[in-house]
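This report walks through a few features of one chain. Look at the sequence and the model first, then read on.

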Amino acid sequence: QVQLVESGGGLVQAGGSLRLSCAASGSIFRGNTMGWYRQAPGKQRELVAAITSGGSTNYADSVKGRFTISRDNAKNTVYLQMNVLKPEDTAVYYCNARSSPFVGYSRDYWGQGTQVTVSS
């Protein structure tokens with residue numbers, strides 16, 4: 001069964017740091033773009049950061065310079081290092097795997113989500 005398991009969420013004060021981890025099954029991790037999305041109450045889920053199988057990264061403007069996405073291909077794990085956290089970063093964070101075997105086609109796999117709460 002395809003599975004992505006997240007960990008590392010919690011409660012931190014503004015200015016603090018957290019590192020999220022997502023352990024994925026190899027079948028959806030290898031060769032695929034991995035990403036982190038977040039969803040705050042009453043808002044749409046938004047892309048936070050993504051990393052390709054080759055290591056290229058992409059970040060939302062709101063987190064550039066503060067968050068870093070990385071992956072360990074040997075461990076089938078993707079990480080999100082979050083620094084200088086702000087209250088507006090409070091959300092449920094979801095791990096994502098995007099499989100794109102053909103041009104013009106993609107399919108997403110999702111983790112269960114982990115809560116990140118940043119207090120002021």
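Two strands count as paired if DSSP finds at least two bridges between them. The model is predicted.

**Strands and hairpins**

Strand β4 covers residues 33–39. Strand β5 covers residues 46–51. The two pair in the antiparallel sense, over five bridges. In this pairing, Met34 stands opposite Ile51 in β5. The β4 and β5 hairpin has six residues between the strands. There, Gly42 takes a positive phi near 75°.

β5 also joins β6, through three bridges. These strands run antiparallel. Ile51 has Thr57 as its bridge partner in β6. The hairpin of β5 and β6 has five residues between the strands. In that hairpin, Gly55 takes a positive phi near 100°.

**Salt bridges**

Side chains of opposite charge can pair when their charged atoms come close. This structure holds five salt bridges. Three of them are listed here, including their closest approach.

| Pair | Closest N and O atoms |
|---|---|
| Arg38 and Asp89 | 2.9 Å |
| Asp61 and Lys64 | 3.1 Å |
| Asp89 and Arg66 | 2.7 Å |

Arg38 forms a salt bridge with Asp89. This pair links distant parts of the chain: Arg38 lies in β4, and Asp89 lies in the loop between β8 and β9, 51 residues apart. Both Arg38 and Asp89 are buried.

Asp89 forms a salt bridge with Arg66 as well. Arg66 sits in the loop between β6 and β7, 23 residues from Asp89. Both of these residues are buried. Salt bridges that share partners join Arg38, Glu46, Arg66 and Asp89 into one network.

Is Asp61, in its pair with Lys64, buried or exposed? Asp61 is exposed, because its relative accessible area is 64% and the cut-off for exposed is over 50%. Lys64 has a relative accessible area of 49%, so Lys64 counts as partly exposed.

**Around Val78**

Val78 is in strand β8, which spans residues 77–82. Its relative accessibility is 0%, so Val78 counts as buried. Which residues does Val78 touch, not counting those up to four places away in sequence? Among them are Leu20, Cys22, Phe29, Trp36, Ile69 and Cys95. Met34 and Ile51 also touch Val78, and these two stand opposite each other in the pairing of β4 and β5.

Val78 and Asn96 are 18 residues apart in sequence. In space, the C-alpha atoms of Val78 and Asn96 are 9.5 Å apart.

Technical notes:
Residues are numbered from 1 along each chain as its sequence is written. This is a predicted model: local features need pLDDT of at least 70, side-chain atom pairs count only at pLDDT 80 or more; totals for chains, interfaces and linings use all residues. Side-chain values use heavy atoms; hydrogens and water are left out. A salt bridge is a side-chain nitrogen of Lys or Arg within 4 Å of a carboxyl oxygen of Asp or Glu. Helices (H or I, at least four residues) and strands (E, at least two) are DSSP runs, numbered from the N terminus. Buried means under 20% relative accessible area, exposed over 50%, partly exposed in between (1.4 Å probe, protein chains only). Contact means heavy atoms within 4.5 Å.
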